[in-house]
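Biologist: I am new to this structure and would be grateful for a close look at a single part of it, the largest cavity. Please describe it in full, and then place it beside the other sites that merit attention.

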Amino acid sequence: MRIAVMYGPREVGVEDRPDPKLVEPTDAILRLSATCICGSDLWPHWGIGALDGPSPMGHEYVGVVEEVGSEVKTIKPGQFVVGSFWASDNTCQICQAGYQCACIQRVGMRSAQAERLRVPLADGTLVATPEPPADDLIPSFLAASDVLGTGWFGAVAAEAGPGKTVAVVGDGAVGLFAVLAAKQLGAERIIAMSRHQSRQKLALDYGATDIVEERGEEGVAKIKDLTDGLGAHSVVEAVGTQESFKQAIGSTRPGGHVGFVGVLHDVQLAGEELFWSHVHVHGGPAPVRRFLPQLMDLIWNRQIDPGKVFDLELPLEQAAEGYQAMDERRAIKVLLQP
Ligand SMILES: [Zn+2]
Ligand SMILES: [Zn+2]
């Protein structure tokens with residue numbers, strides 16, 4: 001099969017590798033219908049975090065089940081399924097508490113930018129649609145595999161809800177879906193912090209009521225201006241840098257909540273600053289699996305349209321061009337067609 005491999009910073013290629021095979025009796029093999037490039041795939045692309053030799057890429061996937069192991073009970077060949085970037089049993093105490101991303105049996109997914117994929121713990125990891133979906137819904141289901149669920153978790157962690165003012169730091173796919181989630185969760189006012197016109201437009205489509213272009217201390221001041229000097233009730237941090245994290249904490253009112261879902265890189269939190277801020281801070285890699293049934297239902301019933309976030313679609317063979325387009329911010333998110 002064909003698979004995207006990163007050989008080093010800014011060096012992505014597509015090569016032949018053997019088809020994946022069942023290894024454990026709880027595995028499934030999928031023929032992927034679509035896959036994509038994640039914002040977090042850009043960190044190794046930039047040379048941040050060393051690669052362990054040539055690395056198969058990708059952790060977001062939807063596809064049709066081709067084969068299942070002897071202990072797989074609920075997932076069947078022929079089903080169209082969505083899974084997240086951690087395979088999880090969905091039965092241990094941590095999973096039952098809604099933190100499948102920290103499952104005691106978890107397996108990190110990689111090598112999903114490919115034609116086929118082995119998924120461990122298939123019954124716990126995968127969620128099937130009632131029937132094979134219409135083609136135009138496939139990008140939306142693909143978004144549910146990571147970025148939609150991650151943005152949703154950010155909004156839940158920030159306790160977005162009725163009567164709340166929610167601010168979102170970051171206008172990548174995750175930030176845009178935090179906006180969508182805040183809207184779905186009933187937030188009264190949603191402030192998207194974005195400087196890019198096409199992303200601002202999508203944020204407004206997804207339910208943002210205000211756009212703030214300022215960043216850093218100016219951004220914080222603007223959020224305070226818009227909230228009678230108090231700050232937002234809920235702030236989603238969807239970038240992962242020192243500046244954005246500081247901006248998120250500073251934009252939150254005392255007693256408010258920060259949900260942080262941008263992958264952190266060298267962020268230092270000043271204990272004293274946090275001590276005096278009186279904000280709740282919760283986040284980390286999103287337990288997307290917790291939200292999959294609900295999100296897939298919203299997509300199946302066409303109540304949300306997260307697929308719009310894919311503004312560039314390329315054949316898998318052109319994965320390198322996809323990475324470059326996201327790197328240069330010419331594309332918000334790139335769908336790869338295996
Ligand atoms: Zn991802
Ligand atoms: Zn578990």
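**The largest cavity and its surroundings**

Modeller: The largest cavity has a volume of about 30 Å³, in a model that is predicted. The structure holds one cavity of 30 Å³ or more. Its lining is made up of Gly-170, Asp-171, Gly-175, Leu-176, Val-179, Ala-192, Met-193, Ser-194 and Ala-203. Two elements, α6 (173-184) and β12 (189-193), each give two or more residues to this lining. Of the elements, α6 gives the most, with three residues. In character, the residues that line the largest cavity divide into five nonpolar, three polar and one charged.

A cavity is closed to the probe, whereas a pocket is open, and the second largest pocket offers a useful companion to the description above. The volume of this pocket is about 240 Å³. Its lining consists of 16 residues, and those nearest its centre are Pro-20, Arg-110, Ser-111, Leu-117 and Arg-118. At least two lining residues come from each of β8 and β9, and β9 supplies the largest share, three residues. Nine residues of the pocket lining are nonpolar, two are polar and five are charged.

Ser-111, one of the residues nearest the centre of that pocket, also deserves notice for its backbone. Although Ser-111 is not a glycine, it has a positive phi of about 70°. Its place is in the loop that joins β8 (107-108) to β9 (116-119), and these two strands both contribute to the pocket lining. A positive phi is found again at Arg-329, with a value of about 55°, and this residue is likewise not a glycine. Arg-329 belongs to the loop between α12 (319-327) and β18 (333-337). The relative accessible area of Arg-329 is 41%, so this residue counts as partly exposed.

There remains the metal site. The zinc ion (ligand 2) is coordinated by the OD atom of Asp-89 and by the SG atoms of Cys-92, Cys-95 and Cys-103, at 2.0 to 2.3 Å. Along the chain, these donors follow the spacing D-x2-C-x2-C-x7-C. The angles among the four donor atoms run from 95 to 123°. Four donors count as tetrahedral if all angles lie between 85 and 135 degrees, and the site of the zinc ion (ligand 2) is accordingly tetrahedral. Two of the coordinating residues, Cys-95 and Cys-103, are buried.

Methods. Residues numbered from 1 in each chain as written. Chains lettered and ligands numbered in written order. Predicted model: local features only at pLDDT ≥ 70, side-chain atom pairs only at ≥ 80, totals over all residues. Heavy atoms only, no water. Donors = N, O, S within 2.8 Å, 3.2 Å for Na, K, Ca; no water. Tetrahedral: all angles 85-135°; square planar, octahedral: opposite > 155°, others 65-115°. Buried < 20%, exposed > 50% of the residue type's maximum accessible area, 1.4 Å probe, protein only. 1 Å grid on protein atoms, 1.4 Å probe; cavity = no way out; pocket = protein on both sides within 12 Å on 5 of 7 lines; lining within 4 Å. Points joined across faces, edges and corners; volume = space filled by probe spheres on them. Helix = DSSP H or I, 4+ residues; strand = E, 2+ residues; numbered from the N terminus. Nonpolar A, V, L, I, M, F, W, Y, C, P; charged D, E, K, R; others polar.
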